[in-house]
Amino acid sequence: MLKFLKGVVAGSGAGLKDFPYNIGEPYSSSWGSWTHYGGTSKDDVSPVSIFSLSGNSSQDGHLLAGRNGVKRLRTVRHPNILSFVHSTEVEVVDGSMTKHTIYIVTEPVMPLSEKIKELNLEGTQRDEYYAWGLHQIAKAVSFLNNDCKLVHGNVCLTSIVVTQTLDWKLHAFDVLSEFDGSIEAPNESMLQYEWLIGSQYKPMELAKSDWVSIRKSPPWAIDSWGLGCLIYELFSGMKLSKTEELRNIASIPKSLLPDYQRLLSSSPSRRLNPSKLIDNSEYFQNKLVETIQFMEILNLKDSVEKDSFFRKLPNLVEQLPRQIVLKKLLPLLASALEFGSAAAPALTTLLKMGSWLSVDEFSVKVLPSIVKLFASPDRAVRVGLLQHIDQFGESLTAQLVDEQIFPHVATGFSDSSAFLRELTLKSMLVLAPKLSQRTISGSLLKYLSKLQVDEEPAIRTNTTILLGNIASYLNEGMRKRVLINAFTARALRDSFSPARAAGIMALCATSTYYDMTEIATRILPIIVVLTIDPDPDVRSKAFQAVDQFLQIARQNHEKLNSGDAGGAVDSGALSMTGNTGLLGWAMSSLTLKGKVSEPVSTVSANANSSLVSASSTATSAEALDTRTEHSTSISSSLDRPTPSLTSSDSWGELQNGIFHDNNDSEKEGWDDMEPIEELKPPTHLASIQAAQKRPLAQPKQHAENPSKLNNAKASISTLTNSKAEDDDLWGSISVPVPSSTSKPPLKPTADEDLWGSIAAPPPKTNSRPLKSTAANDDDPWAAIAAPPPITKAKPLSVGRGRGTKQTNAKLGAQRIDRTSSSGM
């Protein structure tokens, strides 16, 4: 007796004590005397189904049959048989009576009759779904009859339940018995509880209790008859009331009719084996059955079959019942992608199915699988995710992006494939708004600094565009450290003309973040130079930018004159509204034919014909658009050898969290610069005004060179006074005198040298300077300065300013000389 728990309650409505499940509302139909309830687990609120059977005595016949069903259900396991979870039997005292109840807890299911009404399928879609359900039940019956030598005894509509994924499963095992044809007492009942079977479902030999004939029949004889009854009830839409109704074949599909008649043969030995029904029936050869069968044995298929299947799947799912696709195919596809058995093209179908779901359902059924796919080492999967990130990016939470997705996506910044680097860059337009300030400043900006000096011109251009688009997500201090340096010191000085054009438009689009001093001293001077750029598009954009920033300066001047001090430093209201939209991506110049982009020196003036103007205010869909050939021939692009910034090829973690590059000091620049507030107090504007008012002084001469001083005075005295005055006026901006071999003059103080704060940095020496914190503070431009020319001169070996120590002749050379001299 299965009595795992005994509980006493005040009445039948009070519930069960210590029962780990909550019993919900009952369904309207169930098999036999069982009652089918919905329910949930008390631990995790997961859904379950609860079946209960009650009797007044522990030896009640229904309870005995129920205990047999519990034992059979617990021991028999098959994908198309109801999954057992828990069972218990309790005694409930109600007054003077004791009521015995058996509870079976299973996976959450629903009676088939109610699910059919809920789906309300018609025509071809209904037939395809019925075919799939009958295919599953036939496999379950075949397993019992042929493999286990068991007889179910009562296959009918009420013994079938449907799971949440719309799979059909067989249950109601109360009558289940072993088939034994060699028993000595042939008149003894083989089916102990056959009295539970309705007379309309009994074949002739079972209705007559002809056990001799039954034992001589094949094991599937009784259950094949039951399959015929099930087919009749399905297609007629009515519950079978008497055996004679089985002869009404008007509702049976013609392709299934021959098998239906063989299942209901009057001779038990001639009835169709359920396994033959699965293999031979033309009715089961339809798109839905074939698609689900392929998905269930996906691991056994080769790569060619998978690729062909997943390329046809997007069009195929349009023709299948929508509810079956979402509840059955979608979980299968998500699981196959998650565990690596599905090909990369399956991602397109998964996202297409996900678009048919509500936002909440998408977050539960699709999003967890997508998040796990970001850790996949398969490049094709990563490319698919980045290409379609606009379809699911809005559903990602900020915590999910910051902690789980970005660490995997960021490895694409240093991938050897230029195409993957560019896709990673473009994905930041969707992901950057969800990143924390710590991640943006600590990781993202460093990667973007690397990409601004990438070998691919299109990547450099799009990096500038991305910075302009995500500027609003940077804090104020980071904007001051990054934006002007990135746009003026790198983008506007790029040898690729579209990159310069992108830099100009990025400055215009972010003009609200610059104060008047920065506009006048750092932005306008370098933009004015670009008005004579060789590229006509750059020139036109430069003139537009000059007009915009001059308008800001003019309005600032008017506000200063009117006494409005607040307008003197705030240029946000003065910016051009036409440039505040998203900057459009430059069309990628990366090809998938293994052809590295041409050097900038060979790019002609009409290079812009292959690039969309950086000033175009594209929508977000256009911004993330990628060429068709990128997805169709991704293998050729990703496999071609392309130099990379690091040796990392995968989406694994970067070593020690940093890049390993010999030129890090020259490539990581504007992200490590000190905030502008930490610069010395005198502004550039004040220095320029003071320099204009101060009379020019003659350069001081050093006492240790009196001869040179006398020579200089003599040369000056030979010139006329007017000529000397002209020379003195231009001396402050003339080309500096080349430095001599003698000791350089002392460095003037800040008061003596008013131009020092905006002077150009001194040329670097051949020897590599030591890195220090103080040096970075004094020279904030050092990080983004051009790399020093590489010469063959060797660094000094001992101290500074001393000559190199003479090296002795190599030992091998001395031995050769000795040998040759002795030979002479």
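## Ground rules and overall picture

A contact here means heavy atoms within 4.5 Å. By that yardstick, residues 24 or more positions apart account for 71% of the protein chain's contacts with a separation of 6 or more. What you're looking at is a predicted model, where local features need pLDDT of at least 70 and side-chain atom pairs count only at pLDDT 80 or more, while totals for chains, interfaces and linings use all residues. Numbering starts from 1 along each chain as its sequence is written, and side-chain values use heavy atoms, with hydrogens and water left out.

The protein chain holds 33 helices and 10 strands; these are DSSP runs numbered from the N terminus, with helices being H or I of at least four residues and strands being E of at least two. Of its 824 residues, 46% are buried. Buried means under 20% relative accessible area, exposed means over 50%, and partly exposed is in between (1.4 Å probe, protein chains only). The chain exposes about 42,900 Å², and carbon and sulfur atoms supply 53% of that. Those areas come from the Shrake-Rupley method with a 1.4 Å probe, and for residues only the protein chains shown count as cover.

## The five-stranded sheet

One open sheet has 5 strands in the order β1-β2-β3-β5-β4, with antiparallel pairing. Two strands count as paired if DSSP finds at least two bridges between them. The edges are β1 (21-26) and β4 (84-94), each pairing on one side only. From one strand to the next, the twist averages 30°. For angles like this, axes are lines fitted to C-alpha atoms (for helices, over the stretch in contact), and values run from 0 to 180 degrees between N-to-C directions.

Inside the sheet, β3 (residues 47-55) and β5 (residues 97-106) run antiparallel and are joined by 7 bridges. If you want one pair to click on, Ile-50 has Val-105 in β5 as its bridge partner. Helix α1 (residues 61-75) lies across β3, β4 and β5, running at about 20° to β5. Just ahead of β3, in the loop between β2 (35-41) and β3, sits Val-45. Its phi is near 60°, a positive value in a residue other than glycine, and Val-45 is exposed at 60% relative accessible area.

## The three-stranded sheet

A second open sheet is built from 3 strands in the order β6-β8-β9, again with antiparallel pairing. β6 (109-111) and β9 (168-170) each have a single partner strand, so one side of each is left without a neighbour in the sheet. Ignoring direction, neighbouring strands here are turned by 40° against each other on average. Strand β8 (residues 160-163) pairs with β9 over 3 bridges, and the bridge partner of Ile-160 in β9 is Leu-170.

Helices pack on this sheet too. α2 (residues 112-119) touches β6, β8 and β9, and its direction makes about 90° with that of β6. α3 touches β8 and β9, at about 25° to the direction of β9. In the loop between α2 and α3 you'll find Asn-120, with phi near 55°, a positive value in a residue other than glycine. Asn-120 is exposed, at 56% relative accessible area.

## Helix α9 and its surroundings

Helix α9 (residues 287-296) has these buried residues: Leu-288, Val-289, Thr-291, Ile-292, Phe-294 and Met-295. They pack against α3 (123-147), α10 (303-316) and α11 (322-338). Asn-286 caps the N-terminal end of α9, with a side-chain oxygen 3.1 Å from the backbone nitrogen of Leu-288.

Two serines sit in the partner helices. Ser-142, in α3, is buried at 11% relative accessible area. Leaving aside neighbours within four places in sequence, Ser-142 is in contact with Asp-147, Pro-274 and Ser-275. Ser-335, in α11, is partly exposed at 33%. Ser-335 and Val-366 are 31 residues apart in sequence and 9.9 Å apart in space, C-alpha to C-alpha.

## Cysteines

How many disulfides does the model have? The count comes to 0, where a disulfide is a pair of cysteine sulfur atoms within 2.5 Å. Take Cys-229: the closest cysteine sulfur, in Cys-156, is 8.1 Å from its own, too far for a bond. Cys-229 is buried, at 0% relative accessibility, whereas Cys-148 is partly exposed at 29%.

Methods: Polar contact = N/O pair within 3.5 Å; in protein donor to acceptor, adjacent residues only side chain to side chain.
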